[in-house]
Amino acid sequence: HCGVPSIAAGELDQWSKEIKALSELPNVICKLSGLMAYCAPDTSSLETIKPYVDHVLNCFGADRIVWGSDWPVVNLGKGIQEWINVTRDILSNLSANEAEAIANLNAQKIYKISL
């Protein structure tokens, strides 16, 4: 859940340091989920979560991030469809290989499944 940052409180500095430290451990994978639910009510958007997404992307890279729906907790924000739309925006700014890794391939590796 991206380390459960307190987005509603605007907390970024301490979380950033802790995520960086976690990313230095080679056996840690980051799950891209939960961020919309951590926003203040009615404030969840790509713009609100962008600093957090950018930081985990910079720290972990696309090969160590797996996407998660965060359902049903995502309903604390604007719901699953909004999270899917925001995810599509996030992935559209990455290369096709990076987007596919986060959206699909990393999960297959982590959970040792083949589709």
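**Note on cysteines and charge pairing**

1. The structure holds zero disulfides. This is a predicted model, and the points below concern its cysteines and its one salt bridge.

2. C30 takes part in no disulfide, and the nearest cysteine sulfur to that of C30 belongs to C2, 4.0 Å away. A disulfide requires a pair of cysteine sulfur atoms within 2.5 Å, so the 4.0 Å between C30 and C2 does not qualify. C30 is buried, with a relative accessible area of 5%.

3. C59 is likewise in no disulfide. For C59 the nearest cysteine sulfur is that of C30, at 8.9 Å; this value, too, fails the 2.5 Å cut-off. C59 has a relative accessible area of 13% and therefore counts as buried, the limit being under 20%.

4. Which residue forms a salt bridge with D54? The partner is K50, and the closest N and O atoms of the pair are 2.8 Å apart. Side chains of opposite charge can pair when their charged atoms come close.

5. Where do the two partners lie? Both D54 and K50 are in helix 2, which covers residues 46-60. They are four residues apart, about one turn of the helix.

6. Are D54 and K50 buried or partly exposed? D54 counts as partly exposed because its relative accessibility is 29%. K50, at 42% relative accessibility, also counts as partly exposed. The salt bridge of D54 with K50 thus joins two partly exposed residues, whereas C30 and C59 are buried.

Conventions:
Residues numbered from 1 in each chain as written. Predicted model: local features only at pLDDT ≥ 70, side-chain atom pairs only at ≥ 80, totals over all residues. Heavy atoms only, no water. Salt bridge = Lys/Arg side-chain N within 4 Å of Asp/Glu carboxyl O. Helix = DSSP H or I, 4+ residues; strand = E, 2+ residues; numbered from the N terminus. Buried < 20%, exposed > 50% of the residue type's maximum accessible area, 1.4 Å probe, protein only.
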